[in-house]
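Visitor: Could you walk me through a protein structure and show me how its labels are justified?
Guide: Gladly, please take a look.

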Amino acid sequence: ISLSSYKIVVVHGINASTSTKKNRNIIEIDQLPAEEFNSLLHGASAVLLAGGSVVLQALSYKKRIISAPITDEQKKRTTILESNNLLTVSILDANIMAKKMIDLINYEQSTIETKIEIENGLDKAMIELQKLIANTKET
């Protein structure tokens with residue numbers, strides 16, 4: 001699998017034990033502050049996640065997801081999400097995960113975008129706050 005036309009960012013987090021092979025298209029980061037990680041996640045074309053709580057965050061951003069679950073809890077969660085066509089589960093094999101990720105990025109329309117409409121809670125809260133501010137100014 002050629003990575004030459006892709007830019008890949010790997011954020012290891014505090015529990016990571018290995019790094020990827022050195023590749024000029026792969027940027028490795030040990031950890032990121034939450035705000036920076038959210039920004040990176042929001043701008044991603046697709047994400048590869050273990051299946052923890054960040055999966056829910058990625059779903060709220062309507063991201064295409066490949067999940068390679070590690071724990072039993074993650075396996076249960078990702079099995080349910082996969083059965084609802086919200087992500088694709090992969091085994092922990094770098095070549096298989098890379099192929100699934102490239103296939104997913106190349107897929108024309110994300111399954112999640114066609115399967116469900118997720119309303120962003122922050123956007124809804126901002127609209128309600130604007131209404132409250134407008135009502136306060138009127139009185």
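Here is a short conversation about this predicted model.

Visitor: How do you know that the length of helix H4 agrees with what it should span?
Guide: Helix H4 covers residues 94–106, which is 13 residues. The expected span is 1.5 Å times one less than the number of residues, and for H4 that gives 18 Å. Its end C-alpha atoms are 18 Å apart, so the two values agree.

Visitor: Which residues of H4 are buried?
Guide: They are Met97, Met101, Ile102 and Leu104. Each of them earns the label because its relative accessible area is under 20%.

Visitor: What makes you say that the buried residues of H4 line one face?
Guide: Look down the axis of H4: the buried residues fall within an arc of 160 degrees, so they line one face of the helix. There is a general idea to keep in mind here: an α-helix has 3.6 residues a turn, so residues three or four places apart point the same way.

Visitor: What do the buried residues of H4 pack against?
Guide: They pack against two strands, E3 (46–49) and E4 (64–67).

Visitor: Why are E3 and E4 called paired strands?
Guide: Pairing asks for at least two bridges between the strands. E3 and E4 have 4 bridges, so they qualify, and they run in the parallel sense. One of the partnerships is that of Val47 with Ile65 in E4.

Visitor: How do you know that E4 also pairs with E5?
Guide: Strand E5 is residues 88–89. E4 and E5 share 2 bridges, again in the parallel sense, so the requirement of at least two is met. Here Ile66 has Thr88 in E5 as its bridge partner.

Visitor: Which way do the residues of E4 point?
Guide: Arg64 and Ile66 point one way, while Ile65 and Ser67 point the other way. All of these residues are buried. As a general rule, side chains in a regular strand alternate between the two faces of the sheet.

Visitor: What makes up the right-handed β-α-β units that include E4?
Guide: One is made of E3, helix H2 (residues 54–60) and E4. Another is made of E4, helix H3 (residues 72–83) and E5. The word right-handed is used because, with the strands pointing away from you, the path from the first strand over the helix to the second runs clockwise.

Visitor: Why is the contact of Glu73 with Arg77 called a salt bridge?
Guide: The rule wants a side-chain nitrogen of Lys or Arg within 4 Å of a carboxyl oxygen of Asp or Glu. For Glu73 and Arg77 the closest N and O atoms are 2.8 Å apart, so the pair passes. The two are 4 residues apart in helix H3, about one helical turn.

Visitor: Why is Glu73 called exposed, but Arg77 partly exposed?
Guide: Exposed means over 50% relative accessible area, and partly exposed lies between 20% and that limit. Glu73 has 53%, so it counts as exposed. Arg77 has 23%, so it is partly exposed.

Visitor: How many salt bridges are there by this rule?
Guide: The count is 3. Among them is the one of Asp103 with Lys99, whose closest N and O atoms are 2.8 Å apart. Those residues are 4 places apart in helix H4. Lys131 and Glu128 also meet in a salt bridge, at 3.4 Å from N to O. Both lie in helix H6 (residues 121–138), 3 residues apart.

Key. Residues numbered from 1 in each chain as written. Predicted model: local features only at pLDDT ≥ 70, side-chain atom pairs only at ≥ 80, totals over all residues. Heavy atoms only, no water. Buried < 20%, exposed > 50% of the residue type's maximum accessible area, 1.4 Å probe, protein only. Arc of directions from axis to C-beta. Contact = heavy atoms within 4.5 Å.
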